[in-house]
Amino acid sequence: LVMSVMAKTRTMIHQSARLLAAGGMVGAAALLLTLSAQRSCANSFENLQTASQQSRDAVKAGITPHPGAKLPLGLTFVNSHHQQVHLSDYFHKGRPVILDFVYFRCPGVCPFVEMGLLHSIEKMSARLGTDYDVITVSFDPTDTPSVAADKKAGYIAAASPAFKKTLAAHWHFLTGQAPAIQSLTSAVGFHYIFYPASHTYNHAAAIYIATPGGRLANYFYGIHYNPSDLRLAL
């Protein structure tokens with residue numbers, strides 16, 4: 001790409017030089033052509049730098065597996081009912097937890113993570129609320145409980161009628177402040193990068209299995225989760 005930009009720019013500047021030699025209006029046109037070449041070159045290099053930076057960020061915004069890590073269950077969050085809760089409130093004896101991280105205004109992969117999870121738990125033989133619970137945590141500290149409630153309602157609406165009530169009771173959507181979010185994401189090895197200009201994040205896609213005692217047991221990467229594999233992990 002760099003070589004292509006350089007070649008394009010040289011060609012345009014050489015054309016401008018020939019036209020400048022003709023003088024008059026042709027010379028003015030040549031000046032505009034030269035300025036256009038400079039802008040084209042600058043834009044191309046800016047796009048190249050942006051793509052290169054995003055590529056480097058994608059590596060940094062990955063997942064570092066921490067199997068067996070203890071989750072900080074004492075952390076405080078706010079659920080979609082505007083209630084202050086502790087993470088430990090959702091861990092019960094004999095019931096493992098499916099945990100995932102999204103941000104609710106994500107224009108990219110987050111909705112696919114949630115829909116992939118929804119489709120999998122609908123098809124699993126394990127019973128939500130009896131055999132396990134699900135926790136979705138926003139890693140954007142500006143997300144609010146109201147936004148969490150709207151997102152939860154949207155996913156419940158997409159579920160089969162017989163499953164809606166169970167989802168409402170046992171799929172928990174949490175928001176929190178930056179220190180609590182960073183403590184939890186660091187514990188599981190979930191890394192993300194924030195771009196203030198666009199208020200977007202570079203992040204990976206995965207769900208996590210935690211034991212009833214709050215230890216990480218398994219990771220499922222991507223946006224599709226085989227129901228049989230998920231059941232075995234639980």
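Helices and strands here are DSSP runs, with helices taken as H or I over at least four residues and strands as E over at least two. Counted that way, the protein chain of this predicted model comes out with 7 helices and 9 strands. Of its 234 residues, 41% count as buried. The chain exposes about 11900 Å², and carbon and sulfur atoms supply 60% of that. As for how the fold is wired, take the contacts between residues at least 6 apart in sequence: 72% of them join residues at least 24 apart.

Strand β8 is a good place to start. It covers residues 206-210, and 5 of its 5 residues are buried, so the rest of the structure largely encloses it. The cover is there on both faces: A206, Y208 and A210 are buried on one side, and I207 and I209 are buried on the other. On the pairing front, β8 has strand β3 (residues 97-102) as an antiparallel partner, with 4 bridges between the two. One of the residues involved is V97, whose bridge partner in β8 is A210. Strand β9 (residues 216-221) also runs antiparallel to β8, this time joined by 5 bridges. Here I207 has F220 of β9 as its bridge partner. The β8 and β9 hairpin has 5 residues between the strands, and G214 in that hairpin takes a positive phi near 90°.

A second hairpin turns up just before this in the sequence. Strand β6 (residues 192-195) and strand β7 (residues 200-203) run antiparallel and are joined by 4 bridges. Within that pair, I193 stands opposite N202 of β7. The hairpin has 4 residues between its strands, and H199 is the residue there with a positive phi, near 50°.

Strand β5 (residues 171-175) tells a story of burial too, with 5 of its 5 residues buried. W171, F173 and T175 sit on one side and H172 and L174 on the other, and all of them are buried, leaving both faces of β5 covered. Its pairings come in both senses. With strand β4 (residues 133-138), β5 pairs in the parallel sense over 4 bridges, and T136 has F173 as its bridge partner in β5. With β1, the arrangement is antiparallel and rests on 2 bridges; there, V78 stands opposite T175 of β5.

The loop between β1 (76-79) and β2 (84-86) holds S80, and H81 is found in that loop as well. How do these two sequence neighbours fare for exposure? S80 has a relative accessibility of 9%, so it counts as buried, since the cut-off for that class is under 20%. H81, at a relative accessible area of 53%, is exposed, the threshold for that being over 50%. Setting aside neighbours within four places in sequence, S80 is in contact with P145, A148, A149, K152 and F173. F173 is thus a residue of β5 that is buried and also touches S80. For H81, the C-alpha atom lies 7.9 Å from that of S146, although the two residues are 65 residues apart along the chain.

Then there is the matter of empty space. Rolling a probe the size of a water molecule over the atoms shows where such space is left. A search of the whole structure finds 1 cavity of 30 Å³ or more, and the largest cavity has a volume of about 60 Å³. Its lining is made up of V102, Y103, F104, C106, C110, P111, E114, K151, Y155 and F173. By type, these lining residues divide into 8 nonpolar, no polar and 2 charged. Two helices, α3 (110-123) and α4 (145-158), each supply at least two of the lining residues, and α3 gives the most, with 3 residues. F173 shows up again in this list, having already appeared as the β5 bridge partner of T136 and as a contact of S80.

Note on methods
Residues numbered from 1 in each chain as written. Predicted model: local features only at pLDDT ≥ 70, side-chain atom pairs only at ≥ 80, totals over all residues. Heavy atoms only, no water. Buried < 20%, exposed > 50% of the residue type's maximum accessible area, 1.4 Å probe, protein only. Pairing = 2+ DSSP bridges. Contact = heavy atoms within 4.5 Å. Areas by Shrake-Rupley, 256 points an atom, 1.4 Å probe, with all protein chains shown as cover. 1 Å grid on protein atoms, 1.4 Å probe; cavity = no way out; pocket = protein on both sides within 12 Å on 5 of 7 lines; lining within 4 Å. Points joined across faces, edges and corners; volume = space filled by probe spheres on them. Nonpolar A, V, L, I, M, F, W, Y, C, P; charged D, E, K, R; others polar.
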